[in-house]
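Me: I have a model on my screen and would like to understand the labels attached to its residues. Could you take me through the reasoning behind them?

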Amino acid sequence: MTEAATKTGKQGERRVLSDKDEVKAAVIDATANATRTLAILTPDLEPEIYDQTDFLDVLKRFVLARSFARVRVLITQPSRSLTTGNQFVAMAHRLNSYIELRHLKPEIGKREDAFFIADEKAVVYRAHADSWDGMSDPCEPAVARYYLEAFEQLWQACATEAELRRNMF
């Protein structure tokens, strides 16, 4: 996805993703072009994507440049992110008025997918979180809204993960 193509936000720029570098690049691109909100569903704050300096730098610029920025992260397997440590958790602790972490309660069920939604239009989606195969599109509002609605339902049903807030790695 070129920067110019992403900024135009034209539909039909869907890309097939097949490795972690493509997924990471799509997430960074979506974050760099976001203006208001990010919603992330991830099994364990995937360190290959979210614990990387290039992503964290873009994320930090996103939240600090906008007083109204909001980043919500729903973690489906929080014990893995707590045991391995993650710079994203530390950033969330420091910037807690912008970044909120919650974990998926076991009684809600298990999610196999992983996704990243920016501004209710950009989407990076993987049907199986244990695989890098997926798709991204900088402007696919219908698809983004579909996954954002699922995210909202899960978000409302989950309490804030206090342990993630307390632990600074």
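Reply: Happy to! This is a predicted model, and a good place to begin is the pair Glu46 and Arg126, which form a salt bridge with their closest N and O atoms 2.4 Å apart.

Me: What makes Glu46 and Arg126 a link between separate parts of the chain?

Reply: Glu46 sits in the loop between β2 (37-42) and α3 (47-50), while Arg126 belongs to strand β6 (residues 122-126), so the pair ties together parts that are 80 residues apart in sequence.

Me: Why is the contact of Glu46 with Arg126 called a salt bridge?

Reply: The cut-off is 4 Å between a side-chain nitrogen of Lys or Arg and a carboxyl oxygen of Asp or Glu. The closest N and O atoms of this pair are 2.4 Å apart, so the pair is within 4 Å and qualifies. By this rule the count comes to 8 salt bridges.

Me: Is Glu46 called buried or exposed, and why?

Reply: Buried means under 20% relative accessible area. Glu46 has 3%, so it counts as buried. Its partner Arg126 has 4% and therefore counts as buried too.

Me: How do you know that Arg72 forms a salt bridge with Glu152?

Reply: Their closest N and O atoms are 2.6 Å apart, which is within the 4 Å cut-off, so the pair counts. This pair links distant parts of the chain, with Arg72 in strand β3 (residues 70-75) and Glu152 in helix α7, 80 residues apart.

Me: Why do Arg72 and Glu152 get the labels they have for accessibility?

Reply: Arg72 has 7% relative accessibility, so it counts as buried. Glu152 has 28%, which lies between the 20% and 50% limits, so it counts as partly exposed.

Me: What makes Glu140 and Arg14 a salt bridge, and where do they lie?

Reply: The closest N and O atoms of Glu140 and Arg14 are 3.0 Å apart, again within 4 Å, so the rule is met. Glu140 is in the loop between β7 (134-137) and α7 (141-157), and Arg14 is in the loop between α1 (3-8) and β1 (15-17), so they tie together parts 126 residues apart in sequence. Arg14, Asp137 and Glu140 are linked in a network of salt bridges.

Me: Which residues of α4 are buried?

Reply: Phe55, Leu56, Val58, Leu59, Phe62 and Val63 are buried in α4. Seen down the helix axis, the buried residues of α4 fall within an arc of 165°, so they line one face. The face turned away carries the exposed residues Thr53 and Arg61.

Methods:
Residues numbered from 1 in each chain as written. Predicted model: local features only at pLDDT ≥ 70, side-chain atom pairs only at ≥ 80, totals over all residues. Heavy atoms only, no water. Buried < 20%, exposed > 50% of the residue type's maximum accessible area, 1.4 Å probe, protein only. Helix = DSSP H or I, 4+ residues; strand = E, 2+ residues; numbered from the N terminus. Arc of directions from axis to C-beta.
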